[in-house]
Amino acid sequence: MEYRCISADCHMDLCWLPHDLFTSSATQAMKSRMPYVKEGPDGFMWEMSPGVTLSRANAKGGVGTAGNTAYVPGTDHRFDRIATTGLYSEGSKGIFRPSTPELRLKEQDRDGLQAEVIYGLLNAGNRIKDDEVATEFFRIYNDWLSAFCSYDRKRFVGLASLPVHSVEAAAAEARRVSKLNIGGLDMPVSYRMIPLWSTYWDPLWKVAAETNLAIHIHTISPPPPAYPVPDQPSAAFKGAARATAIAVFQVHLASVLAAIIHGGALERFPNLRVVLGESGIGWIPYVLDRMDHEYETRFKTMLSELRMKPSEYWRRQCRATFQADRIGTKLLDDLGIETVMWGSDFPHLDGVYPDSQEYIKDQFGHLPASEVRKIICENAGRFYGLIS
């Protein structure tokens, strides 16, 4: 396979999955408790008994990370651009291109890609409050994803989604999927979790290091406001709220990066690899510099376990993905060009599908061709074993 462009960040969302996946694949004892699809006034929905909605269940009515955003023509340029490909209209007819392997390969071809890394169910799984159901939910999805990627493992790299209600459940599922020819581990973080600086998570880091399956932590939404939100019914105020969240959500991964490094996970497990998914890269040099400064001037004694500066752990064990970050591409010397991987974010609105090649040209025109190839192809190819 000749690789010219590999997306290190794409997605498989609940709204695109087969409607009977969880009820048909669950153990007999769990069938009645699993998510199921039900038709209602707003279309088909993924629901949990007794009526807790997880996501929409058809592409026309559900797009985005949790399928909870309806497509309304003319309200968002990215919506409309993706709609020109027929993705939503075909989805409303039951043709789910993202979850049909032969059709997904055509999406790669349309966007000028030869392979992609596929993140998992993100917030959808975190909405399940029943721990037993959550464990079964992720097991079924991961088995399905492995089968999906087997259609062409030279072009599909799937990341197994982990249950994170307990470290024991996460570590057990990580160990299980290590035998499924999976490409990595997707850890859906939330603000309700035990902090990642805690040694509580060491059993999971240990399994990830031993199996050589990198931990992937995708961007998270901003924390919920700590104050009452006044009723602002106008479209302008709703737009302000959404624009604020979208503009800064990637930067919230700074706390995740700092927690993993300061907590000593990368010192205790030098073979552990961590990827920040869709994090953007422009903010990372500042945060690393800030961490180094505070480590040297205030915390070197307190953080006695660390034998290197935080930025050195970053270079040794961490990676980040981005789709459009002109500032970040000017800071590659500070980041380390080997640590960044471009991604299209298909099929999400914050991504650049089906215009990936245009975005690539716009961002990297000032860089040598050899560096561009590392960012859009070789770094991901080597990290995930597609290129030797």
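Below, a biologist questions a modeller about salt bridges, burial and a cavity in this predicted model.

Biologist: Why is the pair Arg97 and Glu107 called a salt bridge?
Modeller: The closest N and O atoms are 2.4 Å apart. The cut-off is within 4 Å, so the pair counts. Arg97 sits in the loop between H3 and H4, and Glu107 in helix H4, 10 residues apart. Both Arg97 and Glu107 are buried.

Biologist: What else is buried in helix H4?
Modeller: Pro101, Arg104, Leu105 and Gln108 are buried there, along with Glu107. They cover an arc of only 150° around the axis, so they lie on the same side of H4. Their cover includes strand S1 and helix H6.

Biologist: How do you know whether Glu173 is buried or exposed?
Modeller: Its relative accessible area is 8%. Buried means under 20%, so Glu173 is buried.

Biologist: And what makes Arg176 partly exposed?
Modeller: Arg176 has a relative accessible area of 27%. Partly exposed runs between 20% and 50%, so the term fits. Glu173 and Arg176 form a salt bridge at 2.9 Å, N to O. They are 3 residues apart in helix H7, which means about one helical turn separates them. Both belong to a salt-bridge network with Glu136, Arg139 and Asp143.

Biologist: Why does the space lined by residues including Glu107 and Gln108 count as a cavity?
Modeller: A 1.4 Å probe fits there but cannot get out, so the term cavity applies. About 40 Å³ of space lies in this largest cavity. Its lining has 3 nonpolar, 2 polar and 3 charged residues.

Key: Residues numbered from 1 in each chain as written. Predicted model: local features only at pLDDT ≥ 70, side-chain atom pairs only at ≥ 80, totals over all residues. Heavy atoms only, no water. 1 Å grid on protein atoms, 1.4 Å probe; cavity = no way out; pocket = protein on both sides within 12 Å on 5 of 7 lines; lining within 4 Å. Points joined across faces, edges and corners; volume = space filled by probe spheres on them. Nonpolar A, V, L, I, M, F, W, Y, C, P; charged D, E, K, R; others polar. Buried < 20%, exposed > 50% of the residue type's maximum accessible area, 1.4 Å probe, protein only. Helix = DSSP H or I, 4+ residues; strand = E, 2+ residues; numbered from the N terminus. Arc of directions from axis to C-beta. Contact = heavy atoms within 4.5 Å. Salt bridge = Lys/Arg side-chain N within 4 Å of Asp/Glu carboxyl O.
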